[in-house]
Amino acid sequence: HTPGTYVFRPLEVETPPSPLSDLQGKVKVGTEGRAYVGFTIETSGLVDPDSIMIEYLSDRALEAPARDFVSKLQFSPAEHHEACTVPFAVKLGIDFE
């Protein structure tokens, strides 16, 4: 998102973003583990790559796969009110195998 742009949180939006990408199941990367990642969904529904923050990794080898997975996610954008899309902060747990 543009620096200085407000990023909305769950209780501030009428319609939260909805994943268009598959978030079910484990991501196959050849290393078993878990990651928790924070990021911003832009008004386009795409993830802002500069906003990706790795909050936890069970294995350091999962950092690149976690960033790659999150950067490719797509969502329907959040709406503050009808037809007013806004940037939205998300935290996501990812299981790898």
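## Salt bridges around helix 1

A salt bridge here is a side-chain nitrogen of Lys or Arg within 4 Å of a carboxyl oxygen of Asp or Glu. In this predicted model, the side chains of Glu63 and Arg60 satisfy that criterion, with an N to O distance of 3.6 Å. Glu63 is partly exposed because its relative accessibility is 23%, whereas Arg60, at 66% relative accessibility, counts as exposed.

Glu63 also forms a salt bridge with Arg67, where the closest N and O atoms are 3.3 Å apart. Arg67 and Glu63 are four residues apart in helix 1, so about one helical turn separates them. The relative accessibility of Arg67 is 32%, which means that Arg67 is classed as partly exposed. Through shared partners, the salt bridges join Arg60, Glu63 and Arg67 into one network.

## A salt bridge between strands 2 and 7

In the whole structure, a search finds six salt bridges. One of them joins the side chains of Asp95 and Arg34, at 2.7 Å from N to O. This pair links distant parts of the chain: Asp95 belongs to strand 7 and Arg34 to strand 2, and the two are 61 residues apart.

Are these two residues buried or exposed? Neither label applies, because the relative accessible area of Asp95 is 32% and that of Arg34 is 25%, and values between 20% and 50% count as partly exposed.

## The buried side of helix 1

Which residues of helix 1 are buried? Ala66, Phe69 and Val70 are buried in this helix. They lie on the same side of helix 1, because they cover an arc of only 95° around the axis. The cover over the buried residues of helix 1 includes strand 2, strand 3 (residues 53–57) and strand 7.

Val70 can be followed further through its contacts. Apart from neighbours within four places in sequence, Val70 is in contact with Val37, Phe39, Val47, Ile52 and Ile94.

## The largest nonpolar core

The largest nonpolar core has 23 residues, and the members that touch the most other members are Val37, Phe39, Val70 and Ile94. Two or more residues of this core come from each of strand 2 (33–41), helix 1 and strand 7 (88–96). Strand 7 gives the most to the core, with five residues.

Three of these names recur in the contacts of Val70, which include Val37, Phe39 and Ile94. Strands 2 and 7 recur as well, being among the elements that cover the buried residues of helix 1.

## Pro65

Pro65 is found in helix 1, which spans residues 63–71. The relative accessibility of Pro65 is 22%, so this residue counts as partly exposed; the cut-off for buried is under 20%.

What is Pro65 in contact with, leaving aside its neighbours within four places in sequence? The contacts are Val29 and Phe96. Along the chain, Pro65 and Ala78 are 13 residues apart, and a distance of 26 Å separates their C-alpha atoms.

How values were computed. Residues numbered from 1 in each chain as written. Predicted model: local features only at pLDDT ≥ 70, side-chain atom pairs only at ≥ 80, totals over all residues. Heavy atoms only, no water. Buried < 20%, exposed > 50% of the residue type's maximum accessible area, 1.4 Å probe, protein only. Contact = heavy atoms within 4.5 Å. Core = buried A, V, L, I, M, F, W, Y, C linked by side-chain atoms within 4.5 Å. Arc of directions from axis to C-beta.
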